[in-house]
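Notebook open, coffee poured. Here is what I looked up in this structure, one entry at a time.

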Amino acid sequence: MADRDALLARLAQLLPRLNAQDASSAAWALAVLGAHTAAAHLVRPLADAVSRAAPGMQPRQLASAMWGLSKLAKRGGLGPNAFAALHAALPGAVAGAGPQELMVMVVTAARWGMCGAPAAAAGLLSAAAPTLARAAPHLDAHS
């Protein structure tokens, strides 16, 4: 428990300075850990860090950050505004995304809709549709 608390305290110190990769990884990691109650106080500052980094994120980073924040949204009391910067970064990211990133983004869109951000969800699906249509013939069970 002391190790976890020390790690979370260090993350809290670093949040204002996270770059795109670090913010994406932190969102993913906290979501995978289930946003343990000890980390609940970090969800909103993490969303702010992800928002600051979103314009510079590569498709994989954006997909991971989107998924992580969507998993953390209800636990951290995030509203639809928490997704605004990610939504704004989508047009550039969708064009360069591969099938795996696109599928994570589509699943995330469904989560966004459940988190009270249906316009963001619809926008993501609309932006991803042409790329998904082009990729579909090339997908297999291992994509």
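**Buried share and overall fold**

I began with burial: 40% of the 143 residues in the protein chain are buried (under 20% relative accessible area, with a 1.4 Å probe and protein chains only). I'm working from a predicted model, where local features need pLDDT of at least 70, side-chain atom pairs count only at pLDDT 80 or more, and totals for chains, interfaces and linings use all residues. Residues are numbered from 1 along each chain as its sequence is written, and side-chain values use heavy atoms, with hydrogens and water left out.

Next I went through the secondary structure and found 7 helices and 0 strands (DSSP runs: H or I of at least four residues for helices, E of at least two for strands). In sequence order I read α-α-α-α-α-α-α.

Then I checked contacts (heavy atoms within 4.5 Å). Among those with a separation of 6 or more, 74% link residues 24 or more positions apart.

**The core**

I looked up the largest nonpolar core (buried Ala, Val, Leu, Ile, Met, Phe, Trp, Tyr and Cys joined through side-chain atoms within 4.5 Å). It has 38 residues, and Leu-30, Leu-46 and Met-105 are among those touching the most other members. At least two residues each come from α1 (2–14), α2 (20–32), α3 (43–53), α4 (59–72), α5 (84–96) and α6 (99–114).

**A glutamine in α4**

Is Gln-61 buried or exposed? I found Gln-61 in helix α4, and it counts as buried because its relative accessible area is 13%. The side chains of Gln-61 and Gln-21 share a polar contact of 2.9 Å (N or O atoms within 3.5 Å; within protein, one must be able to donate a hydrogen and the other to accept it, and residues adjacent in sequence count only if both atoms are side-chain atoms).

Terms used
Buried < 20%, exposed > 50% of the residue type's maximum accessible area, 1.4 Å probe, protein only.
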